[in-house]
Structures are given as C-alpha cells and as structure tokens.
Amino acid sequence: MTETLDGTVALVTGASSGIGAATASALAARGATVALVARRRDRLDALAASIRERGGEALVIEADVAEQRQAVDAVERTVAELGRLDTLINNAGAMLIGPVEGAPLEEWRRMVDINLLGLLSVSHAALPHLLHAAEGGSRRVADLVNVSSTAGRFARGGTAVYNATKHAVNGFSEALRQEVTGRHVRVSLVEPGITVTELTSHNREEIQSSIQGQLASIEGLHAEDIAEAIGYIVTRPRRVAINEILVRPTEQER
Ligand code: NDP
C-alpha cells in the first residue's frame, strides 16, 4: 500500500539538479510541500515554478549546507514558514575523485564539508522536528533519508576520500536509525550506482575525461530512478521501515 504525503513537509538538500531535483518533484507529486535547498537559486526557482504549475507547493531556500549556520537556518526556515517537517532527504553531495597521491587537499575538504558535515548539521537541526512530527502528526511517522552511494558500501582505488565520506554516511545512518526507530523516525540509506547527472562535471579536466570514458560503456540510471526508490521509502505504512536500498544500473558490475 502506498501512502499519500498530503499535509506533510519535506526538505530536500541539493534540490537544484540531478537526484535532488527529481526527488523533490516526485515528493511534491505525492502531495508533500517541498523545501528546496541548494546554492543555485535560479535552478531552485525554476524547479519551484514547475512544481507549482503541476499543482504542488514549494519553498526555495538558497543555502550552502557546508556552512553550519546556513544548514541550520535552512531547517529552521522550513519549519517557520511551512509549519512542520516530516521528511528530510539529505542528498547534497560532491564527488571529486582521483588518486590520493598529489590530490588537492581542498577537494577533500569540500567533500567532507558537504557530504559529511553538511549532512550531519542538517540532520542535527531536523531531528527534533522529525521526532515531533512522528509523535504528533496524522501519519505518526517521519523519515530521514540519506543519499549515500555504492561508494559507501565498496571502496575502490581512485575514489578514496569520496568512499570515506560515503562510508561515514552509512555508519552514521545505521547508528542514528537504532537511536530513533523506536520513536517512529525511520532512517534510510539509498545507495545509487552510476546515475546520469552533473556530479562528475566538477572534477579536474584530466579526471573528467577518464570518467567519461568509463561511463560511456554502460547505460547509467536516470535521476528519476533514484527518486522513485526514495518515493517508495517514504510512502510505506508506519510499520514498514526500508532501511537500505542499493540501486545499480543493470550493466554496472561493481
Ligand atoms: P548533482 O551534481 O546533479 O547534484 C548535486 C546537488 O548537490 C546539487 O543540487 C548541488 O546544488 C548540491 N550541492 C552541492 N554542494 C552543495 C552545498 N555546499 N550546499 C548545498 N547544496 C549543495 O549530482 P547528483 O544528483 O548525482 O548527486 C546527488 C547525490 O547523489 C550526491 O550525494 C551524490 O554523492 C549521490 N550519488 C550520485 C551518483 C551518481 O552517479 N550521480 C551515484 C551515487 C551517489 P548547488 O550546486 O546548486 O548547491
């Protein structure tokens, strides 16, 4: 049975492109009012307009989740303006890859700041509101979904620090799940394989061309494929917690 998200509020980080944008649209289509969080305001405005055209409701919040104050403010603005928070999708992320030897330390810091510390800051600020929604809302359940990666399950040479951030997300998710599941906040982990988005475009040029070569050999997932998995997680009946979903393109071996 699929439950509606009517009357609920969802916050999606990294909603300006790729998996986050597709997920925000999918949750809005199921009835949630969505808070769209990312740095590129023009993209968020365009997404909000398209959600509204289809009869949904959206709030645009321009924020850099790597900045702790902005991450916390994004959550607080959502609750102040939309009245509650039932669903958090921690999706914002960066993948800056290449060998450890000679890697720019700045790239590592960016990944830790966004993929890990950003996710922790947003989760910390959101948790009281999710617990409150699970106690008092009509659904009596709330969801915190962390978008990790196959890289959070399996480490590979060439992606060490991205692996480190996503393994950390997996560890945090399971520990938090144990802490709050008894109070009906479901913590779920989504681990996409190769998905066609803008994610690889922020890499150094030499890295990008080698990634493009590897990606060209298989048919990657669409952002909507992952959005559908997230939509499934957050529309389960209260008694059902989908703890983890690993979704690979059929042709992806590892
Ligand atoms: P995109 O690059 O299309 O999306 C990344 C999103 O994160 C953008 O909306 C970007 O918005 C946002 N973002 C990045 N940095 C920040 C920041 N500091 N503050 C707020 N938002 C930020 O890539 P994907 O859709 O592919 O990535 C989404 C998630 O999926 C990531 O966590 C990624 O690791 C994960 N993933 C992706 C896979 C893939 O193959 N594509 C595979 C496995 C996991 P803006 O720049 O406007 O701030």
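Start with β1, helix α1 (residues 18-29) and β2: select the three together and you have a right-handed β-α-β unit. Keep in mind as you click around that this is a predicted model.

**Stop one: strand β1**

Now narrow the selection to residues 9-13, which make up β1. This strand is mostly covered, with 5 of its 5 residues buried. Turn on the side chains and look along the strand: Val 9, Leu 11 and Thr 13 point one way, while Ala 10 and Val 12 point the other way. Whichever way they point, all of them are buried.

**Stop two: the neighbours of β1**

Add residues 33-38, strand β2. The two strands run parallel, and 5 bridges join them. For a landmark on this pairing, label Thr 13 and find Val 37 of β2 opposite.

Next, bring in residues 87-90, which form strand β4. This pairing with β1 is parallel too, over 3 bridges. Here the landmark is Ala 10, with Thr 87 of β4 standing opposite.

**Stop three: the ligand**

Show the ligand and the 29 residues around it. Which of them come nearest? Ser 16, Arg 39, Asp 64, Tyr 162 and Thr 197 do. Color the shell by residue class and you should get 13 nonpolar, 11 polar and 5 charged residues. Helices α1 and α5 (160-180) each supply at least two residues of that shell.

Zoom in on a few distances. Pick the side chain of Asp 64: one of its N or O atoms is 2.7 Å from a nitrogen atom of the ligand. Over at Tyr 162, an N or O atom of the side chain is 2.6 Å from a ligand oxygen. Then switch the backbone on at Gly 93, where a polar backbone atom sits 3.5 Å from an oxygen atom of the ligand. Put a surface on the ligand while you are here: taken alone, the ligand exposes 880 Å², and the protein buries 95% of that.

**Stop four: Asn 115**

Finish in helix α4 (residues 105-136) by selecting Asn 115. Is Asn 115 buried or exposed? The residue counts as buried because its relative accessible area is 1%, and the cut-off for buried is under 20%.

Show its side chain and look for partners. A polar atom of the Asn 115 side chain lies 2.8 Å from the backbone nitrogen of Ala 94. The Asn 115 side chain also makes a polar contact with the side chain of Thr 165, at 3.2 Å.

Conventions
Residues are numbered from 1 along each chain as its sequence is written. This is a predicted model: local features need pLDDT of at least 70, side-chain atom pairs count only at pLDDT 80 or more; totals for chains, interfaces and linings use all residues. Side-chain values use heavy atoms; hydrogens and water are left out. Buried means under 20% relative accessible area, exposed over 50%, partly exposed in between (1.4 Å probe, protein chains only). Helices (H or I, at least four residues) and strands (E, at least two) are DSSP runs, numbered from the N terminus. Two strands pair if DSSP finds at least two bridges between them. A crossover is right-handed if, with the strands pointing away from the viewer, the path from the first strand over the helix to the second runs clockwise. A residue is near a molecule or strand if one of its heavy atoms lies within 4 Å of it. A polar contact is a pair of N or O atoms within 3.5 Å; within protein, one must be able to donate a hydrogen and the other to accept it, and residues adjacent in sequence count only if both atoms are side-chain atoms. Accessible areas come from the Shrake-Rupley method with a 1.4 Å probe; for residues, only the protein chains shown count as cover. Ala, Val, Leu, Ile, Met, Phe, Trp, Tyr, Cys and Pro count as nonpolar, Asp, Glu, Lys and Arg as charged, and the others, Gly among them, as polar.
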